[in-house]
Amino acid sequence: MKQTKTCILSFLIVTLLVAYRTNATKQEDKEFLEEHNKARLEAGLPLFTYDQKLAEYALKFALSRARDCFLRHSEGPYGENLFWGNAAKSLKWTPKDAVKSWMREKKFFDSKTNKCLPSQECGHYTQIMWKDSKKVGCAKTNCKGKHTYIVCEYDPPGNYEGFSPFVNHDPYIYSQT
C-alpha cells in the first residue's frame, strides 16, 4: 500500500514538472501578448488582454499533441492558431517567431473579398486581426522531444467566412456556431 502511494505521488510530481517545463514562461506569455498587440496596434485594432483560462486550454491541447506534432485543431470553443517549429533551431523557437509566422499571411488576404487568395492560407492572420476577439492565451511545448509546438487561443473566436476581420460583428453570429 505504501509503495503504491509512493508511486502515485512520484507520478504526480513528474507530471507537474513536465507540465511546468512545457508551458510558456511568464516572459513568454508577455512576449505572446506583446507580439499580438503590436500587430493589432499597427492595424488600428483594440489590444488583446492575456487570459490564463485560454492559456490553460492551449496547454492542455498542446500537451495532447506532444507525441505526434500534428497540426490538427482542437475543434474547441475558441479561435485557434497552431505553430510547429522543426528541431533545426534546437527548440529555440519563440512566441515572436510564431506570431511573425502567422502575420506573414497578411499578403495572402484579399480585403475586397474577405478571403484568402487562391491556394494560399491567411486564417492565422485573420484570427489575429479579428476585431471582436478580446483575449488571447498561448502555450508552448516540445513535441517528439525535439520540435516546438505552439498553440494560441482567442476569445471570441474569429474567421467567419465572408466576414471582414476588421469590423465589429453582430453577436448573433457567435451564437450560431
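This report walks through a predicted model of one protein chain, from its overall layout to a single buried residue.

## The overall layout

Let's start with the whole chain. The protein chain holds six helices and six strands, and along the sequence they come in the order α-α-β-α-β-α-β-β-α-β-β-α. Of its 177 residues, 41% are buried.

Contacts between parts that lie well apart in sequence are also worth a look. Among contacts with a separation of 6 or more, 67% join residues 24 or more positions apart. On the outside, the accessible surface is about 10700 Å², and carbon and sulfur atoms account for 57% of that area.

## Helix 2 and its cover

Helix 2 spans residues 26–42. With 17 residues, helix 2 reaches 24 Å from its first C-alpha to its last, close to the 24 Å expected at 1.5 Å a residue. Just after this helix comes Gly 44, which has a positive phi of about 75 degrees.

The buried residues of helix 2 are a mixed group: Glu 28, Asp 29, Glu 31, Phe 32, Glu 35, His 36, Asn 37, Ala 39 and Arg 40. Their cover includes strand 1 (49–50) and strands 5 and 6, along with helix 3 (52–64), helix 4 and helix 5.

## Two nonpolar cores

The largest nonpolar core has 20 residues, and those touching the most other members are Trp 102, Met 103, Ile 128, Met 129, Ile 150, Cys 152 and Tyr 154. At least two residues of this core come from each of helix 2, helix 4 (95–103), helix 5 (123–129), strand 5 (135–143) and strand 6. Helix 4 gives the most, with four residues.

Met 103 offers a handy view of this region. Setting aside neighbours within four places in sequence, Met 103 is in contact with Ala 39, Tyr 125, Ile 128 and Met 129. There is also a second, separate core of ten residues, with Ala 58, Leu 59, Tyr 149 and Val 151 among them.

## A buried charge in strand 6

Finally, take a look at Glu 153, which sits in strand 6 (residues 147–155). Glu 153 is buried but has no salt bridge. Its nearest side chain of opposite charge belongs to Lys 53, 11 Å away.

Which residues does Glu 153 touch, not counting those up to four places away in sequence? They are Leu 54, Tyr 57, Ala 58, Ser 74, Tyr 78, Gly 79, Glu 80, Lys 135, Val 136 and Gly 137. One of these, Ala 58, also belongs to the second core.

Conventions
Residues numbered from 1 in each chain as written. Predicted model: local features only at pLDDT ≥ 70, side-chain atom pairs only at ≥ 80, totals over all residues. Heavy atoms only, no water. Buried < 20%, exposed > 50% of the residue type's maximum accessible area, 1.4 Å probe, protein only. Lys, Arg positive; Asp, Glu negative; His and termini not counted. Salt bridge = Lys/Arg side-chain N within 4 Å of Asp/Glu carboxyl O. Contact = heavy atoms within 4.5 Å. Core = buried A, V, L, I, M, F, W, Y, C linked by side-chain atoms within 4.5 Å. Expected span 1.5 Å × (residues − 1). Areas by Shrake-Rupley, 256 points an atom, 1.4 Å probe, with all protein chains shown as cover.
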